[in-house]
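User: Could you take me through a protein model, one topic at a time?

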Amino acid sequence: MKTTKTITWIDVPTRTIDVDGVPFAYRNLGPADGVPVVFLHHLMAVLDDWDPRVIDGIAAHRRVIAFDNRGVGGSGGSVPHTVEEMGRDAVAFIRAMGLEKVDLLGFSLGGGVAQMVTLQAPELVRRVILAGTGPRGAGDLDAMTKIVASAYAKAALTLNDARAFLFFPRDSAGKQAAKDYFVHLKERTQGRDKKISLQARRAQVKAIRAAGVHEPDDLSVITHPVFIANGDHDLMVASSHSADMARRIPNSRLTIYPNSGHGAVFQHHREFVAEALGFLGE
């Protein structure tokens, strides 16, 4: 009997779609039916910065679509300077894909973009997962640029990836979680995404700083079911912001993973994937 190979994050092809005259790079895997889960990635990330353990865990049961927003990685154009514009670009991508209803999974900066998509086009969204992220107007998001700069300086001195300092605690468990994370990020060896450009990096940092001092959004108008996740010691986006969003979004639930930081959903990937699938399946 002929068997069909299961496509995973390691070997799924990267495709492009025209979005208002601009090519957007994306990868699509998992079951063809059902409401797809659109992944929105973090600051300075491209497609290959998603942890395969999370992508494949979700894609085992749900269709997953991950993409590079405008100006990121293999997508054309230039990165805009506000999360509001990033949200509009994400909405344009979703519509260009011919999707009428999606679930969103946004991590870090992607969580901010997911909030914008939900506010701008609520009819497109069914359920939302916000991981390691905060709301606009949180104020101290501006301080994240200093934290990131310090982490990159440490990374340069120690020949490490800055995310080892930004995403994971510096205890033995955190260091092992970081090591495992980077091993999995390198599993894909063929057809890797383009690295993020200097323009994209600068524009994203500018957008985050602008979001920090922006007037707070009225999150009470988000009536969609929302699952909020973070670590108990997030250096980049304080865990208190997750609790703040949970209070302000009426139909939300909050999970704070212990002994973890900004990358809690990667460090605790088994628990997170199980909880995410349960939430999306309701």
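Analyst: The sheet, the aromatic rings and one histidine are discussed below. This is a predicted model, in which local features need pLDDT of at least 70, side-chain atom pairs count only at pLDDT 80 or more, and totals for chains, interfaces and linings use all residues. Residues are numbered from 1 along each chain as its sequence is written, and side-chain values use heavy atoms, with hydrogens and water left out.

User: What is the order of the strands in the sheet?

Analyst: The open sheet has 8 strands in the order S1-S2-S4-S3-S5-S6-S7-S8, and its pairing is mixed. Strands (E, at least two residues) and helices (H or I, at least four) are DSSP runs, numbered from the N terminus. Two strands pair if DSSP finds at least two bridges between them.

User: Which strands stand at the edges?

Analyst: Those are S1 and S8; each has a single partner strand, so one side of each is left without a neighbour in the sheet. From one strand to the next, the twist averages 25°. Axes here are lines fitted to C-alpha atoms, for helices over the stretch in contact, and angles run from 0 to 180 degrees between N-to-C directions.

User: Which strands does H1 touch?

Analyst: H1 packs on the sheet and touches S2, S3 and S4, and its direction makes about 170° with that of S3. Contact means heavy atoms within 4.5 Å. Helix H2 (residues 83-96) also packs on the sheet, touching S1, S2, S3, S4 and strand S5 (102-107), with its direction at about 110° to that of S1.

User: How many residues of S2 are buried?

Analyst: In strand S2 (residues 22-29), 6 of the 8 residues are buried. Buried means under 20% relative accessible area, exposed means over 50%, and partly exposed lies in between (1.4 Å probe, protein chains only).

User: And how does S2 pair with S1 and S4?

Analyst: S2 pairs with strand S1 (residues 15-19) in the antiparallel sense over 5 bridges; within this pairing, Asp-18 has Pro-23 as its bridge partner. S1 and S2 form a hairpin with 2 residues between them, and Asp-20 in the turn has a positive phi of about 55°. Strand S4 (residues 64-67) runs antiparallel to S2 and is joined to it by 4 bridges, with Val-64 as the bridge partner of Leu-29.

User: New topic: how many aromatic pairs are there?

Analyst: There are 15 aromatic pairs. Rings of Phe, Tyr and Trp (its six-membered ring) pair if their centres lie within 6.5 Å; planes under 30 degrees apart count as stacked, over 60 as edge-to-face and the rest as tilted. One of the pairs is Phe-39 with Trp-50, which is edge-to-face at 5.0 Å centre to centre, with 80° between the planes.

User: Where do Phe-39 and Trp-50 lie?

Analyst: Phe-39 lies in strand S3 (residues 37-40) and Trp-50 in the loop between S3 and helix H1 (52-59), so the pair ties together parts that are 11 residues apart in sequence. Phe-39 is buried at 0% relative accessibility, and Trp-50 is buried at 2%.

User: Lastly, is His-262 buried or exposed?

Analyst: His-262 is buried, with a relative accessible area of 2%. His-262 is found in the loop between strand S8 (252-257) and helix H9 (264-267).

User: Which side chains make polar contacts with His-262?

Analyst: The side chain of His-262 makes a polar contact of 2.8 Å with that of Ser-108, and one of 2.8 Å with that of Asp-234. A polar contact is a pair of N or O atoms within 3.5 Å; within protein, one must be able to donate a hydrogen and the other to accept it, and residues adjacent in sequence count only if both atoms are side-chain atoms.
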